[in-house]
Amino acid sequence: MRTYLEQSQNHQHFLEKFVNNLKDDTGLASVICNCCNKELLVENGILKDECIHISHAFGYFSERDGEIQCFDLCEECYNKMIAKFRIPVENGERTELL
C-alpha cells in the first residue's frame, strides 16, 4: 500500500493517481507490504527497500470487470508466495542496473 504526500480522500481519485504514478513515484510518503504490514524504507520520496508492486485492471469475463486493484509485497512475502507456485517462476539476469 502506497501513500503520497498529497493523497486525496476520494478513493477512486487515489486509485487513478496511484496507477498514473507507477513510473514516477514523486511525493511517495510510505510503502507498506499488504501481506505482512511491514513498513518499507522511503527516504526523500525514494523507496530504498525491494518491493514487488502489482497493479491490475480487470477486464471482460472477470467477476471483477472494471475494477483496478493495486498492492505491494516486500521481498520476503514475495519469496514465500512464489515458493507455493506449482510451476516455478522463470529467472533471468539483468546485466545493467540503472
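Which residues make up the largest nonpolar core? The points below take this up first, for a model that is predicted.

1. The largest nonpolar core has ten residues. Its members are Tyr4, Leu28, Val31, Cys33, Leu40, Val42, Cys51, Leu73, Cys74 and Cys77. Two strands, β2 (28-32) and β7 (68-74), each supply at least two residues of this core. As background, nonpolar side chains in soluble globular proteins tend to be buried together.

2. Val42, one of the core residues, touches Leu28, Ala29, Ser30, Val31 and Leu47 when residues up to four places away in sequence are not counted. Among these contacts, Leu28 and Val31 also belong to the core.

3. An open sheet is formed by three strands, in the order β1-β2-β3, with antiparallel pairing. β1 (2-4) and β3 (39-40) are the edge strands, each pairing on one side only.

4. β2 and β3 run antiparallel and are joined by two bridges. Leu40, in β3, is the bridge partner of Val31. Both Val31 and Leu40 are listed in the largest nonpolar core.

5. The count of aromatic pairs comes to one. The ring centres of Tyr60 and Phe61 are 6.4 Å apart and the planes stand at 65°, so the pair is edge-to-face; the cut-off for that class is over 60 degrees.

6. Are the two residues of this pair buried or exposed? Tyr60 counts as exposed because its relative accessibility is 69%. Phe61 also counts as exposed, at 89% relative accessibility. The cut-off for exposed is over 50%.

Notes
Residues are numbered from 1 along each chain as its sequence is written. This is a predicted model: local features need pLDDT of at least 70, side-chain atom pairs count only at pLDDT 80 or more; totals for chains, interfaces and linings use all residues. Side-chain values use heavy atoms; hydrogens and water are left out. Rings of Phe, Tyr and Trp (its six-membered ring) pair if their centres lie within 6.5 Å; planes under 30 degrees apart count as stacked, over 60 as edge-to-face and the rest as tilted. Buried means under 20% relative accessible area, exposed over 50%, partly exposed in between (1.4 Å probe, protein chains only). A nonpolar core is a set of buried Ala, Val, Leu, Ile, Met, Phe, Trp, Tyr and Cys residues joined through side-chain atoms within 4.5 Å. Helices (H or I, at least four residues) and strands (E, at least two) are DSSP runs, numbered from the N terminus. Contact means heavy atoms within 4.5 Å. Two strands pair if DSSP finds at least two bridges between them.
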